[in-house]
Structures are given as structure tokens and as C-alpha cells.
Amino acid sequence: MTHSAPPTPATEPAHHRKPKSGYKSRNWLHRFDNKRVPYLMISPFFLLFALFGLFPIVFNGIVAMRNWRLDDPALDGWAGFANFERLLHDEDFWNALVNTFGIFVLSTVPQLLIALMVANLLNRRLRANSFWRVGVLLPYVTPVVASTLVFAIIFARDNGMANWLLSLVGFGQDAPLDWRAYKWSSWIAIATMVNWKWIGYNALLYLSAMQSIPKDVYEAAAVDGAGPWRQLWRITVPMIQPVLIFTVVLSTIGGLQLFNEPMLFEENPAAASGGSDHQWQTIAQLIYKVGWKDLNLGYAAAMSWALFLIILIVAALNAVATNRLGGGRR
């Protein structure tokens, strides 16, 4: 008598099996961890940027398109492009624009060139290297108010140190130069304050980039007969080009928004007039005057937007020019 084995149930193919609930939840957590968590981690930056960076720009644009006077609340409503059209015929705006560019050129170009020279010097073997590197940063940590007040005394017409130095070379012995009376002299005085404050800061940025250049590159160049000057322009400048572009863009933004130094150079800073004939009034000063002295916020907002666009254009042109001068092709 034979016994047959009981039939075994047919096994279901693996790809037909339903995934278990634990496996599904683990898979969902894995995908969430890989695809969603990184966005959550960086979302605070974008939220803060939207709140404190993007919103003021957009709101300022809305204000620029409206009639908004603090001394006449009844005058409201949309003004369209009237505030921007007024800019085209405003002599004060164009005068402030010329002053801003004049001081910007006098402060930015010498500032970055001298900073490059100072960084090149600090990159060499010097005694007390740390002392010199910290020393060049001291002007940057000095409060703007304190440094500007000191320079205002230096550029005083009577008994100022600047006039004393000029008298040593025979200039202005009979009639001391009034630095606040003329455009060119007031521009030079304000640009000197800006240069003094920012040269050390830019020099340390350049120095940090220079120290990443391998020393054997300079040694090979020296063997080929390249002197220090040729090494600076043929090796150092092209190899620190990203930092150069960064400082140029940063200096452009700061230079075109210049406010503290010209404001405090004035004998009566509250006037924000930039001199008796507006000879050194910058756009930032004019925006402050129109907005908070004349109480015309709509027109001040239009000026702010115009300045914003000017900075974007000039910064882009300067970045492209610096890239080309450094040997880049982008």
C-alpha cells in the first residue's frame, strides 16, 4: 500500500508578492531623507532671504510707482512711471550721480591697486609677519564715525594736517586750501577716507588667495628670469582672479552706495546737502534727503530703484572687464 504526499501549495512569484507595510514605510522614509530633508535644511536661508532681501526690493518697487508723501497723506494712489520720469529732468539727481561716480573712481581704483601691492609684499618673507597682517586690518575695525571725524580734522582749512603737508612743497602757503569748497578737493578728501578704511581688508583677501599658489610656480618663473613685477602680473593676478572679481564687485556696490563718509564730512550732517553747492552730495545722501527731510517717499523709492539698476550694470561691466584683464575668456 503506497501513500502519496499531500499537495504543497503553489508558491507565488517574488515580483507578485505585495510589499509588507514595514518595508513601504522604510522606503518612504529613505526617499524623504534623501530628497526632502536637504531642502528643509537649507530652507531657513531662502525664507530669510525672501523676508529681508526680496520683499524690501519688491515693496520698494511698489512704493516707487505710487504717490507717497508723509507731509500730505491725502496725496496717494498710483503714480505710474511719473517718479521715474521726474528723475530724467532732476538736476540734483544727475549732479549726485556725477559726484558718486567721481568719488567711486577715486576710491575704488587706487584702493584695489594698493591692496594688491600690500598683499604681494605681505606674501613675502618678512619679520613679524603676523604683526603686519593684523596691522593692515586696523583701519577696517575702526568705527566709521571715529575715522571720519579724524579725517575731517586732517582736511580742515585752518591748521589741518593736509594743508600743512601741502605747504611743505610750497602749495597754499598764502591761502590754505578749503577742501570742502570745490568738487575735486572734496572728492579727494572723501576718497582718502574710503581708501584708508578698505585697503587693509582687500589686502588680506588677496593675501589669502596668494598663499594658495604653489611656491614652485614662482621658483620656476624666477629660474626663467621673471622678476617680481612680472611674476605679480603674469602669475599672481591670473591665479587669484576669482578673488579679484569678488573685490571689484564688492567695491562697486559699496562705492556707489557711499553714504557715511560724505555725510560726516559735512559740518552739519543733518542737512545731507553734500556741501554748500552739493559739490560732494552722493545718490545715497540725496535719497536720504528726499525721503526723510522732504518726506517724499515715493520719489526716494524711485531713486533707490534707479541706483539699484545702476549698481547691477556697473558691477557686471566691472566683473567682465576684470575677468578679461586677468586672462579669463568668460
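# Exercises on a predicted model

At 44% relative accessibility, Asp158 is classed as partly exposed. The exercises below concern a predicted model, and each solution goes step by step.

## Exercise 1: Charged pairs

Find the salt bridges of the structure, and decide for each partner whether it is buried, partly exposed or exposed.

*Solution.* Begin with the total, which is three salt bridges in the structure. As background, side chains that carry opposite charges can pair when their charged atoms come close.

Step 1. Asp158 has its salt-bridge partner in Arg157, with 3.3 Å from N to O. Arg157 has a relative accessibility of 40%, so it counts as partly exposed, and Asp158, at 44%, is likewise assigned to the partly exposed class.

Step 2. The side chain of Arg69 meets that of Asp71 in a salt bridge, where the distance from N to O is 3.0 Å. Arg69 is partly exposed at 26% relative accessibility, and Asp71 is partly exposed at 45%.

Step 3. Lys289 and Asp294 are joined through their side chains in a salt bridge of 3.4 Å, again from N to O. The relative accessible area of Lys289 is 21%, a value that lies above the 20% limit for buried residues, so Lys289 is partly exposed. Asp294, with 31%, is partly exposed as well.

## Exercise 2: A residue in helix H11

Describe the surroundings of Val237, starting from its helix and ending with its contacts.

*Solution.* Step 1. Val237 belongs to helix H11, which runs over residues 228-239.

Step 2. The relative accessible area of Val237 is 7%, and buried means under 20%, so Val237 is buried.

Step 3. If the neighbours within four places in sequence are left aside, the residues in contact with Val237 are Leu116, Leu232 and Leu244. Met210 stands 27 residues from Val237 along the chain, and the C-alpha atoms of these two residues are separated by 8.9 Å.

## Exercise 3: The nonpolar cores

Which residues of the largest nonpolar core touch the most other members, and which element gives the largest share of this core?

*Solution.* Step 1. The largest nonpolar core has 21 residues, and those that touch the most other members are Ala115, Leu116, Ala119, Tyr206, Met210, Ile240 and Leu244.

Step 2. Two or more residues of this core come from each of H4, helix H9 (183-210), helix H10 (215-223), H11 and H12. H9 gives the largest share, with six residues.

Step 3. Take Ala119 as an example: leaving aside its neighbours within four places in sequence, Ala119 is in contact with Ala203, Tyr206, Leu207 and Met210. A second core, separate from the largest one, has 18 residues, among them Leu97, Ile287, Leu307 and Ile310.

## Exercise 4: The largest pocket

State the volume of the largest pocket, and work out which helix gives the most to its lining.

*Solution.* Step 1. The volume of the largest pocket is about 530 Å³. Its lining is made up of 19 residues, of which Leu112, Leu113, Val248, Thr322 and Leu325 are the closest to the centre.

Step 2. At least two lining residues are supplied by each of helix H4 (91-122), H11, helix H12 (241-256) and helix H15 (297-325). H4 gives the most to the lining, namely seven residues.

Step 3. Sorted by class, the lining holds 13 nonpolar residues and six polar ones, while charged residues are absent.

## Exercise 5: Three more buried residues

Where do Asn195, Ile245 and Arg180 lie, and which residues are in contact with each of them?

*Solution.* In every step, neighbours within four places in sequence are left aside when contacts are listed.

Step 1. Asn195 is part of helix H9 and is buried, at 12% relative accessibility. Its contacts are Leu106, Ser107, Thr108, Pro110 and Gln111.

Step 2. Ile245 is located in helix H12, and its relative accessible area of 17% places it among buried residues. Ala319, Thr322 and Asn323 are in contact with Ile245. Asn163, by contrast, is 82 residues away from Ile245 in sequence and 36 Å away in space, from C-alpha to C-alpha.

Step 3. Arg180 sits in the loop that lies between helix H8 (161-168) and H9. Its relative accessible area is 16%, so Arg180 is buried. The residues in contact with Arg180 are Ala152, Phe155, Phe265, Glu267, Gln279 and Trp280.

Technical notes: Residues are numbered from 1 along each chain as its sequence is written. This is a predicted model: local features need pLDDT of at least 70, side-chain atom pairs count only at pLDDT 80 or more; totals for chains, interfaces and linings use all residues. Side-chain values use heavy atoms; hydrogens and water are left out. Helices (H or I, at least four residues) and strands (E, at least two) are DSSP runs, numbered from the N terminus. Buried means under 20% relative accessible area, exposed over 50%, partly exposed in between (1.4 Å probe, protein chains only). Contact means heavy atoms within 4.5 Å. On a 1 Å grid over the protein atoms alone, a cavity is a set of points where a 1.4 Å probe fits but cannot get out, and a pocket is an open set with protein on both sides within 12 Å along at least five of seven lines; lining residues have an atom within 4 Å of a point. Grid points are joined across faces, edges and corners, and a volume is the space filled by probe spheres set on the points. Ala, Val, Leu, Ile, Met, Phe, Trp, Tyr, Cys and Pro count as nonpolar, Asp, Glu, Lys and Arg as charged, and the others, Gly among them, as polar. A salt bridge is a side-chain nitrogen of Lys or Arg within 4 Å of a carboxyl oxygen of Asp or Glu. A nonpolar core is a set of buried Ala, Val, Leu, Ile, Met, Phe, Trp, Tyr and Cys residues joined through side-chain atoms within 4.5 Å.
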